[in-house]
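Welcome! Please take a look at the sequence and the 3D structure below, and then work through the exercises at your own pace.

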Amino acid sequence: MRQGHRADHLTLTRSAADPGPPPVVRETGDSVVVELDGEIDILALQRMTPLLDTVAAGPYRVVAVDLTATTFLDCSGLTLLVRASRRARARGARTTVICRHPLTLRVIDVAGLTDTLTPVPTLHEALR
C-alpha cells in the first residue's frame, strides 16, 4: 500500500446503508496510518475488519489508526480497534489511535482501553 492510495484492493464496497468512503492507507517508513472517517459502528466493523487485520499483521513497527475525521464510535468500533491492536502486538508492533475529540476519548477511557489503544492527538506523536 503506497502513500495516499485507497485500500480498495481489498474489495471494500459501499452500499446504501454504508455510504462512507473507503479508508485511506498510507505507509510512512516502517509505520502505517489508516485514516477512518464517519461512523465507526457495526457496519464499519464488518467492512473494515479485513483491511485492519491485513495491516495489523503486516511488517509495520507502528500501526496508527487516525480517527480525527470520525463522527461516531461505538462498542463495535472499539472491537475493531482492539482486534487490530491485539494482532499487531502479537507480532511485537505498537498500535495507537490519533484522536482529539473529547467524546471519542471519553468512550475509550470509560471502556478501559486507554492503555490498549494509546490515543494521541497528532500523527507526529503516533509515529514516534
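**Exercise 1. Why is strand S5 (residues 94-98) largely enclosed by the rest of the structure?**

Step 1. Some ground rules come before the solution. This is a predicted model, in which local features need pLDDT of at least 70 and side-chain atom pairs count only at pLDDT 80 or more, while totals for chains, interfaces and linings use all residues. Residues are numbered from 1 along each chain as its sequence is written, and side-chain values use heavy atoms, with hydrogens and water left out.

Step 2. Two terms are needed. Strands (E, at least two residues) and helices (H or I, at least four) are DSSP runs, numbered from the N terminus. Buried means under 20% relative accessible area, exposed over 50%, and partly exposed in between (1.4 Å probe, protein chains only).

Step 3. Four of the five residues of S5 are buried, so the strand is largely enclosed by the rest of the structure. For the whole protein chain, 45% of the 128 residues count as buried.

**Exercise 2. Describe the order of the elements and how the strands pair.**

Step 1. The protein chain has five helices and five strands, arranged along the sequence as β-β-β-α-β-α-β-α-α-α.

Step 2. Two strands pair if DSSP finds at least two bridges between them. S3 and S4 run parallel and are joined by nine bridges; Glu35, for example, has Asp66 in S4 as its bridge partner. S4 and S5 also run parallel, with five bridges between them, and Val65 is partnered by Val97 in S5.

Step 3. Now follow the connection: from S4 the chain passes through H2 to S5 in a right-handed β-α-β crossover. Right-handed means that, with the strands pointing away from the viewer, the path from the first strand over the helix to the second runs clockwise. S3, H1 and S4 likewise make a right-handed β-α-β unit.

**Exercise 3. At what angle do H1 and H2 pack, and how far apart are their axes?**

Step 1. The angle is about 10 degrees, and the axes are 9 Å apart. The axes are lines fitted to C-alpha atoms, for helices over the stretch in contact, and angles run from 0 to 180 degrees between N-to-C directions.

Step 2. That makes H1 roughly parallel to H2, a label for angles under 35 degrees (over 145 is roughly antiparallel, 65 to 115 roughly perpendicular, and the rest oblique).

Step 3. Contact means heavy atoms within 4.5 Å. Residues of H1 that meet H2 include Leu45, Met48 and Leu52, and among their counterparts in H2 are Leu80, Arg83 and Ala84.

Step 4. Look at Ala56 in H1, which is buried with a relative accessible area of 0%. Apart from neighbours within four places in sequence, Ala56 is in contact with Val63, Ala84, Arg87, Ala88 and Arg91.

**Exercise 4. Which residues touch the most other members of the largest nonpolar core?**

Step 1. A nonpolar core is a set of buried Ala, Val, Leu, Ile, Met, Phe, Trp, Tyr and Cys residues joined through side-chain atoms within 4.5 Å.

Step 2. Leu36 and Leu117 touch the most other members of this core, which has 29 residues. Two or more residues come from each of S3 (31-40), H1 (42-56), S4 (62-73) and H2 (75-90), and H1 gives the most, with seven.

Step 3. Leaving out residues up to four places away in sequence, Leu117 touches several residues, including Leu78, Val97 and Ile108. A second, separate core of seven residues includes Val62, Ala64, Ile98 and Leu127.
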